[in-house]
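Visitor: Could you take me through one part of this model in detail, the open sheet in the second chain, and then set that part against the rest of the assembly?

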Amino acid sequence: MANVHDAERMGNKPHWEPEDVIGKMTLSSLLFSNDYRHIAIKGMLTSVVMLGLGGFMALLFRTELALPDIQFFDARPYMSLMTLHGMFMVFGFIIPFVISIMYYMMPKILGTDELLWARGAQWSYWLLIIAAVLLMISRPDFTWTFYPPMALRVGGDLIWMGYLAVVLVAISEFLAGAVLLKNGMAAIRRIGWRKLPLMGWGAISEGILLIGATPILALVGIFMYTDWAQITAVYDPSRGGNVMTFMFMFWFYGHPAVYLPLMPAVATLYTLLPRFLGRPIWSYWSAVTAFALLTGLGFVVYPHHFQPAENVSGMLQRTTQILTLLIFIPSTLHVFNWIATLWSDPIPASARRAIPFKFIIAAIFFLMLGGVTAYLNAQIAVDGDFVHNTYFVPAHFHAMFVGFMGNMAMAGFYYLYPYFTGRMYNQALGNTHFWFWQIGILTKVLSMYYLGFNYFPRWVVDYLDLPQWSMPQMMLTGAAYLIGLGFIVFVLNIMLSATRGTIAVGDPWAIDDEDTAGRAQPVSAE
Amino acid sequence: MENALGLAGYQATMMIIVFAVLALGVAALFAALFLPARWRLPYSIEFLFVGLLLVMVWYGDNRSAEIVAAYQAPLEDEGVLEIGYDTSSGDFDRVTRVLAFQWGFAFINEDDEISRNATIARPGERVLFSLFANDVIHGFNIPAAGITAEFEPGVERDVWIRAPETPGRYLIQCLNYCGVGHAQMKAWLVVEGDEAKAGA
């Protein structure tokens, strides 16, 4: 299994010239052009707005949680903020952001310079915008998991818009999946599966996940609406429905949903790492195998999300536990591959300076921090003790969503920045953003793990004044403000640098290994 | 750490494994970034690595299954409570029915007396909780006992614990979001000492 893949196929080449794409765009082209760069830029910038909105909501409810007792919000507005925060961050920020980065990179890396069926991506974008507006109007307060019958009995008269928004999100993601799968499969036909760049494998995995999971989410949204309107009684037990039907249907989407931002983030990492290091990934086939295993297992482990329920027992519970433990392996293979790549040769000075590279390293760190605790989450006995629905769960997914995927979204954005503005970002502001985020995210995640270990329940507006609860909550709020500050620095950077940044010429990421010459030569084990 | 079955060390072992794996990973990442020595790993090392991960999977699955079997086997079965105990199975010192509702808990004892948001036990007693709800899905978590259960409307769920040996008040809470009053869904397991018994 020698590594015969050349640098070009591994994404290790300058993909295109820096250009002021944004400066040449009109309002009309920004809104409706099917040029893949325009769609991707629109998606990324909208995601930044969604990140700002979702983050602002987080700061509001984090301020409430800094101290025990009720200070600013009653339970209902608090839960609305929390629900919208979750939905905006997952559906509005992280998934569309990393998919937009894929839209931009994929046509160049796969050699087409166009996004096949870009119209689908356009529709996907606009449906998501409509869904976001409907969500804001409906102001749901039942969390992003909207368990019935609770979710059928809360909310105002406009809550039906929330259910419609769920259906639109499903259709939007389905269309995005179709676009990615079409482009990935077309690349296989053109290039051959043995030579397909890892970005292509990422697109195929993501497409399969989206197309496989989202129809069920659409059905869930439809049945929630028809149950709410008392047309059907699929989920509502008071009228003969079954809550467990909802649990199995919702989490059939809900677990793959976790991988929806993961796959593009991983594919982006596999593309950027060789680009900054100037050498191929350590093992191409290990990466392909890990993509395939994550995609397959991603569809079958979902009952672990509700295994403290009595219906998940016996053989189903044990099988779910084993499969969930096994999914630990492909994720670890990715990390192993990246570290082996980093270790194989000296790291160029240009990489060490580059802001995207720093975000990549931070992302790998947080994937380990979040991923390793999945070993605990997967075990039924631990899950039934201090994991299930305590802060241990948000600790795990914030490490993954913000620490890994959020950092990779930023790595991709900073990397692409000179290609769509024609200018470089400000290095000092980039460094400030990087460190504010990493310190903030690490403090946040560790505080959440600690709270979870001390059985702090999720989704509460108020809590007992216990020392093991109140101090970490205060730290968590401080960390959230630091992340918010980092976001402001990021927005300032991208706005100011678009007009005042150094003009990018040639290859902005050309490898400069001036300070690696004196280092020890690699020890080859081949 | 000790869970409801009196099994010390299981979670601690798992935490140590997790910390060890994390420490190894972070050390490898930092070494790759900052050590001058470079090393091209042979591909065969990945098979060894996967082998180690499979051992972890096997160990985690078996240890967890052992604990779960003790919780979930029919309570009447012979030997179910043998782990950590030498008493016969299914013989509870106290049986309490628990009605979870939006938003609180009602505890009904064997004399059909109802108390809201507090239930009483003696140190070390084996207490069976029969959980039920009529409105929405609720959770039932006693951190001191290390146990969590979820139950949907219309389904009765049995869980049991051994009450803590130290008298005092122990938190009971809902862990499943059940509406805007979810944060209020707290109750207390009051473990009475000898003085309380003497007073009674």
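**The open sheet of chain B and its surroundings**

Guide: From the N terminus on, the elements of chain B follow the order α-β-α-β-β-β-β-β-β-β-β-β-β-α, in what should be read throughout as a predicted model. Counted by type, the secondary structure of chain B comes to 3 helices and 11 strands. Of the 200 residues in chain B, 34% are buried, and among contacts between residues at least 6 apart in sequence, 62% join residues at least 24 apart.

Within chain B, 5 strands form an open sheet whose order is E4-E3-E2-E6-E9, with mixed pairing. Strand E4 (114-116) and strand E9 (157-162) of chain B stand at the edges, and because each has a single partner strand, one side of each is left without a neighbour in the sheet. From one strand to the next, the twist averages 25°. As a general point, strands of a sheet pair through backbone hydrogen bonds, and they may do so either parallel or antiparallel. At the E4 edge of chain B, strand E3 (residues 104-108) runs antiparallel to E4(B), and 3 bridges join the two. Within this pairing, B:Phe107 stands opposite B:Ser115 in E4(B).

Turning from the sheet to the contact between the chains, 72 residues are taken from chain A and 61 residues from chain B. On the side of chain A that touches chain B, the elements that each supply at least two residues include helix H3 (75-109), helix H7 (243-277), helix H12 (355-372) and strand E1 (523-524) of chain A. The largest share of that side, 10 residues, comes from H10(A). By residue class, the side of chain A that touches chain B divides into 48 nonpolar, 14 polar and 10 charged residues.

For a helical counterpart to the sheet, consider helix H8 (residues 284-298) of chain A, whose 15 residues reach 21 Å from the first C-alpha to the last, close to the 21 Å expected at 1.5 Å a residue. Buried in H8(A) are A:Tyr284, A:Ser286, A:Ala287, A:Ala290, A:Phe291, A:Leu294, A:Thr295 and A:Gly298. These buried residues cover an arc of only 165° around the axis, which puts them on the same side of H8(A). The general background is that an α-helix has 3.6 residues a turn, so residues three or four places apart point the same way.

Terms used
Residues are numbered from 1 along each chain as its sequence is written. Chains are lettered from A and ligands numbered from 1 in the order in which they are written. This is a predicted model: local features need pLDDT of at least 70, side-chain atom pairs count only at pLDDT 80 or more; totals for chains, interfaces and linings use all residues. Helices (H or I, at least four residues) and strands (E, at least two) are DSSP runs, numbered from the N terminus. A residue is buried if 20 or more other C-beta atoms lie within 10 Å of its own, exposed if 12 or fewer, and partly exposed in between; C-beta atoms are placed from the backbone. Two residues are in contact if their C-beta atoms, placed from the backbone, lie within 7 Å. Two strands pair if DSSP finds at least two bridges between them. Axes are lines fitted to C-alpha atoms, for helices over the stretch in contact, and angles run from 0 to 180 degrees between N-to-C directions. The expected span of a helix is 1.5 Å times one less than its number of residues. The arc is that of the directions from the helix axis to the C-beta atoms. Ala, Val, Leu, Ile, Met, Phe, Trp, Tyr, Cys and Pro count as nonpolar, Asp, Glu, Lys and Arg as charged, and the others, Gly among them, as polar.
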